[in-house]
Amino acid sequence: MEKERLAQIIAAHGPDILRFCRITAGNSTEGDELYQDTMLILLEKQHDLDGSQNVKSYAISVAVKLWKNKQRKVARRLRLVPQESLEALTQHGIQPGNTASPEECLLQKSQIAALREMIRQLPQRYRLPLELHYSADLQVKEIAKLMKLPESTVKTRLRRAKEQLRQKLEELDYDRTAI
């Protein structure tokens with residue numbers, strides 16, 4: 001694969017991969033780092049890739065592996081020297097539109113933060129397919145191939161993830177239309 005082809009792939013799939021990296025990492029800074037590391041690996045492996053492969057799926061699988069490795073490293077370090085979690089220290093919000101009042105913006109920001117926290121609390125087996133489906137815009141078939149699972153397993157995990165989120169939201173008495 002030539003550099004021009006890599007530039008085309010980044011132009012076509014870069015936004016989806018970046019969105020997936022940011023959602024997976026939990027904030028823009030770490031997501032941007034994950035995206036950059038993923039693109040560096042794609043650049044290094046460009047000669048091994050060919051046009052018949054689904055490069056978007058490959059890039060997302062690279063991002064998943066990099067993120068899992070980082071999570072393992074952080075977990076190892078926390079076992080050695082406990083400290084406050086990175087998630088507790090980092091806050092992310094949204095850029096409110098001009099039409100909403102400050103109160104509405106604050107409420108929406110807190111609801112989105114609560115939903116993201118609920119998603120982060122899901123077991124990885126449910127969270128990862130959910131993030132791949134909604135943030136990376138991958139189909140069930142692509143997720144199954146990426147995670148090396150049967151399609152029915154991916155569908156089941158997506159359904160269970162949504163059900164767990166729905167139950168948590170109902171416990172907190174969230175309005176479906178508010179988020």
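Trainee: Why is Glu30 called buried?

Mentor: Glu30 has a relative accessible area of 15%. Buried means under 20%, exposed means over 50%, and partly exposed is what falls in between (1.4 Å probe, protein chains only). Glu30 is below the first cut-off, so buried it is. Keep in mind that this is a predicted model, where local features need pLDDT of at least 70, side-chain atom pairs count only at pLDDT 80 or more, and totals for chains, interfaces and linings use all residues. Residues are numbered from 1 along each chain as its sequence is written, and side-chain values use heavy atoms, with hydrogens and water left out.

Trainee: What makes the pair Lys70 and Glu30 a salt bridge?

Mentor: The term asks for a side-chain nitrogen of Lys or Arg within 4 Å of a carboxyl oxygen of Asp or Glu. Between Lys70 and Glu30 the closest N and O atoms are 3.8 Å apart, so the pair qualifies. Lys70 sits in helix H3 and Glu30 in helix H2, so this bridge ties together parts 40 residues apart in sequence. Lys70 itself has 27% relative accessibility, which means it counts as partly exposed.

Trainee: How do you know that Lys56 and Asp16 form one too?

Mentor: Their closest N and O atoms are 3.0 Å apart, so the cut-off is met. This pair also ties together parts 40 residues apart in sequence, because Lys56 lies in helix H3 and Asp16 in helix H1. Both Lys56 and Asp16 are buried. Arg19 joins Asp16 and Lys56 in a network of salt bridges, and the structure holds eight salt bridges.

Trainee: And what makes Glu117 and Arg120 count?

Mentor: A 3.3 Å distance from N to O between their side chains. That is within the limit, so it's a salt bridge. Here both residues lie in helix H5, three residues apart, about one turn of the helix. Glu117 is partly exposed, because its relative accessibility is 26%.

Trainee: How do you know how many helices and strands there are?

Mentor: Helices (H or I, at least four residues) and strands (E, at least two) are DSSP runs, numbered from the N terminus. The chain has eight helices and zero strands. Read along the sequence, that gives α-α-α-α-α-α-α-α.

Trainee: What makes the largest nonpolar core a core?

Mentor: A core is a set of buried Ala, Val, Leu, Ile, Met, Phe, Trp, Tyr and Cys residues joined through side-chain atoms within 4.5 Å. This one has 34 residues, and Ile17, Phe20, Leu42, Ile60, Leu130, Leu132 and Leu138 have the most contacts inside it. H1, H2 (28-44), H3, H5, H6, H7 and H8 each supply at least two of its residues.

Trainee: Which residues does Leu138 touch?

Mentor: Contact means heavy atoms within 4.5 Å. Leaving out residues up to four places away in sequence, Leu138 touches Lys56, Ser57, Ile60, Leu132, His133, Ile143 and Leu146.

Trainee: What makes a space a pocket and not a cavity?

Mentor: On a 1 Å grid over the protein atoms alone, a cavity is a set of points where a 1.4 Å probe fits but cannot get out. A pocket is an open set with protein on both sides within 12 Å along at least five of seven lines, and lining residues have an atom within 4 Å of a point. The largest pocket is lined by 22 residues, with Ile23, Leu115, Arg116, Ile119 and Ser135 nearest its centre. H1 (3-25), H5 (102-121), H6 (124-134) and H8 (151-171) each supply at least two lining residues.

Trainee: Which helix gives the most to the lining of the second largest pocket?

Mentor: H3 does, with seven residues. H3 (55-80) and H7 (140-147) each supply at least two residues of that lining.

Trainee: Why is Lys148 called exposed?

Mentor: Its relative accessibility is 71%, over the exposed cut-off, so the label fits. Lys148 lies in the loop between H7 and H8, and its phi is near 55 degrees, a positive value in a residue other than glycine. Most residues other than glycine have a negative phi.

Trainee: What about Asp137, exposed or partly exposed?

Mentor: Asp137 has a relative accessible area of 45%, so it is partly exposed. Asp137 is in the loop between H6 and H7, and also has a positive phi, about 60 degrees, although it is not a glycine.
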